[in-house]
Amino acid sequence: AVVCCPQAGAMLSTLVKAAIEEIAWEGSPGIAWPKLCRRLRQRQLAADGPIRAILWQQLAAGCDDVFVRATGNAGQKVTGQLPPEPAVDDDLDADSGESDMEAEQAGKDGRGDAELLLDVPDAVRLHLLHLDAHPDLAEHDSARKALQAVARQRYKGCWGPILALELGLASRDLFYQMEGLRTAGLVVSVHVSMPAKISAAYSKRSGQAPIALHGNLFYHTRFYDIGKIEQTQVQLLMRSSSASLREQVLAVVKQSPSQVAFESDLR
């Protein structure tokens with residue numbers, strides 16, 4: 001038995017709760033230990049080695065809400081040995097234009113050929129996705145997959161065109177799915193200009209250019225932060241308009257005989 005001081009016990013309880021949330025939001029088939037550690041550090045829940053070891057023991061063997069499965073090696077057994085952690089802290093919320101599904105297939109989340117994945121029962125996942133209050137939506141596999149995909153992106157949100165590709169849905173079919181989730185108060189949709197890397201990722205995967213320069217960015221209500229959304233919108237607007245503005249300024253300067261333009265000229 002492991003004896004913890006009250007402060008360590010409170011920290012462990014907080015870590016276990018946060019870990020179960022992160023595992024549920026990640027979705028099936030589960031999350032690897034290194035990625036879970038990065039997720040917890042992003043929530044400023046870093047813990048020292050002994051606490052991490054106890055957390056692993058709690059999740060792997062002593063927690064009814066978590067189970068561990070092995071990938072790549074069906075005979076692999078779960079032990080109390082602490083799995084390896086990532087050498088560097090990747091920015092999991094950086095918007096690279098690459099979906100988590102693609103990153104996992106490329107092995108960018110630290111998953112090996114015989115990795116242990118932590119997962120939660122469906123009842124726990126439905127509760128943390130807020131779907132337990134909407135049994136009509138929970139019964140629809142496509143609605144569950146859509147909400148899970150959105151929750152997996154946390155605070156960076158999930159772009160509608162990319163989501164449609166991941167779910168294998170046409171845009172109009174995705175609209176009906178997301179509208180049901182939106183009216184249920186489970187997702188929030190923000191219409192903004194798509195960054196160039198998102199458009200490029202869509203073109204690469206679909207083989208065609210996006211039909212519009214704007215798109216819906218979906219957030220699970222748990223991760224909808226109006227302050228961050230406004231900041232993101234401003235940044236996207238500046239990025240999309242800065243190139244055009246720079247070209248206009250250069251055109252005015254070149255037209256000037258002295259190659260100089262005053263602010264009044266630019267106005």
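This passage describes helix H9, its packing against helix H7, and the burial of helix H2 and Arg154 in a predicted model. Local features were taken at pLDDT of at least 70 and side-chain atom pairs only at pLDDT 80 or more, whereas totals for chains, interfaces and linings use all residues. Residues are numbered from 1 along each chain as its sequence is written, and side-chain values use heavy atoms, with hydrogens and water left out.

Helices (H or I, at least four residues) and strands (E, at least two) are DSSP runs, numbered from the N terminus. Helix H9 (residues 171-183) has 13 residues and reaches 18 Å from its first C-alpha to its last, close to the 18 Å expected at 1.5 Å a residue, where the expected span is 1.5 Å times one less than the number of residues. The buried residues of H9 (buried meaning under 20% relative accessible area, exposed over 50%, and partly exposed in between, with a 1.4 Å probe and protein chains only) are Leu174, Met178 and Leu181. These residues cover an arc of only 50 degrees around the axis, which puts them on the same side of H9; the arc is that of the directions from the helix axis to the C-beta atoms. An α-helix has 3.6 residues a turn, so residues three or four places apart point the same way. On the other side of H9, Arg172, Tyr176 and Thr183 are exposed. The cover over the buried residues of H9 includes helix H6 (135-138), H7, helix H8 (160-167), strand E5 (187-193) and strand E6 (214-220), contact being defined as heavy atoms within 4.5 Å. Just after H9, Gly185 adopts a positive phi of about 80 degrees.

The axes of H7 (residues 141-152) and H9 come within 10 Å and cross at roughly 75 degrees, with axes fitted to C-alpha atoms, for helices over the stretch in contact, and angles running from 0 to 180 degrees between N-to-C directions. The two helices H7 and H9 are therefore roughly perpendicular to each other, a class that spans 65 to 115 degrees. At this contact, Ser142, Ala143, Ala146, Leu147 and Val150 in H7 meet Gln177, Met178 and Leu181 in H9.

Arg154 lies in the loop between H7 and strand E4 (158-159) and is buried, with a relative accessible area of 3%. The C-alpha atoms of Arg154 and Glu26 are separated by 9.1 Å, although the two residues are 128 residues apart along the chain. Helix H2 (residues 33-42) is mostly covered, with eight of its 10 residues buried, among them Trp33, Lys35, Arg38 and Arg39. Just after H2, Gln44 takes a positive phi of about 60 degrees.

Notes: Angles under 35 degrees count as roughly parallel, over 145 as roughly antiparallel, 65 to 115 as roughly perpendicular and the rest as oblique.
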